[in-house]
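Biologist: I've got this one open on my screen and I'd like to talk it through. Could you walk me through what holds it together?

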Amino acid sequence: MNIQLRFFASIREAVGTGSESLSTPATTLAALRDELIARGGPWAEALGRERAVRVSLNQTMADEAAALVEGAEVAFFPPVTGG
């Protein structure tokens, strides 16, 4: 399926892009994250399972068990802190 990826803040800086279109066999957000981690290098470092990463699906915060759908927009970003 074809989806649109968005990356924000430190993740965007690490992977070197703010967005990309992707054709993926992944059916869940977890499988998609694993696919991106498998790219290695900065992808594995920025999105690795030991990292706290938030994910949204079609502009709504989502659990990684959420199902992907054709044309979905998936965004990855680090947790936000404020003060």
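Modeller: Happy to, and keep in mind that this is a predicted model. One term before we start: a nonpolar core is a set of buried Ala, Val, Leu, Ile, Met, Phe, Trp, Tyr and Cys residues joined through side-chain atoms within 4.5 Å.

Biologist: Okay, which helix gives the most to the largest nonpolar core?

Modeller: That core has 21 residues, and L5, L32, L36, L47, V74 and F76 have the most contacts inside it. At least two residues each come from strand 1, helix 1, helix 2, helix 3, strand 3 and strand 5. The top contributor, with 4 residues, is helix 2.

Biologist: And at about what angle does helix 2 run to strand 5?

Modeller: Helix 2 lies across strand 1, strand 2, strand 3 and strand 5. F76, leaving aside its neighbours within four places in sequence, is in contact with residues including L32, R33 and L36. As for the angle between helix 2 and strand 5, it's about 65°.

Biologist: Now the sheet: which strands are at its edges?

Modeller: There are 5 strands in an open sheet with mixed pairing, and the order is 2-1-5-3-4. An edge strand here pairs on one side only. That gives you strand 2 (19-23) and strand 4 (60-61).

Biologist: Which residue in strand 2 does I3 stand opposite?

Modeller: Strands pair through backbone hydrogen bonds, either parallel or antiparallel. Strand 1 and strand 2 go for the antiparallel sense, over 5 bridges. Opposite I3 you'll find L22.

Biologist: On to charges: is E20 buried or exposed?

Modeller: E20 has a salt bridge to R39, at 3.0 Å from N to O. E20 sits in strand 2 and R39 in the loop between helix 2 and helix 3, so the pair ties together parts 19 residues apart in sequence. R39 is partly exposed at 36% relative accessibility. With a relative accessible area of 19%, under the 20% cut-off, E20 counts as buried.

Biologist: Last one: which residues are linked in a network of salt bridges?

Modeller: Start with R33 and E64, both buried, whose side chains meet at 2.6 Å, N to O. Then R49 forms a salt bridge with D34, with the closest N and O atoms 2.9 Å apart; R49 is in the loop between helix 3 and strand 3, D34 is in helix 2, and 15 residues separate them. The network is made up of R33, D34, R49 and E64.

Conventions
Residues numbered from 1 in each chain as written. Predicted model: local features only at pLDDT ≥ 70, side-chain atom pairs only at ≥ 80, totals over all residues. Heavy atoms only, no water. Buried < 20%, exposed > 50% of the residue type's maximum accessible area, 1.4 Å probe, protein only. Contact = heavy atoms within 4.5 Å. Pairing = 2+ DSSP bridges. Axes fitted to C-alpha atoms, helices over the stretch in contact; angles between N-to-C directions. Salt bridge = Lys/Arg side-chain N within 4 Å of Asp/Glu carboxyl O.
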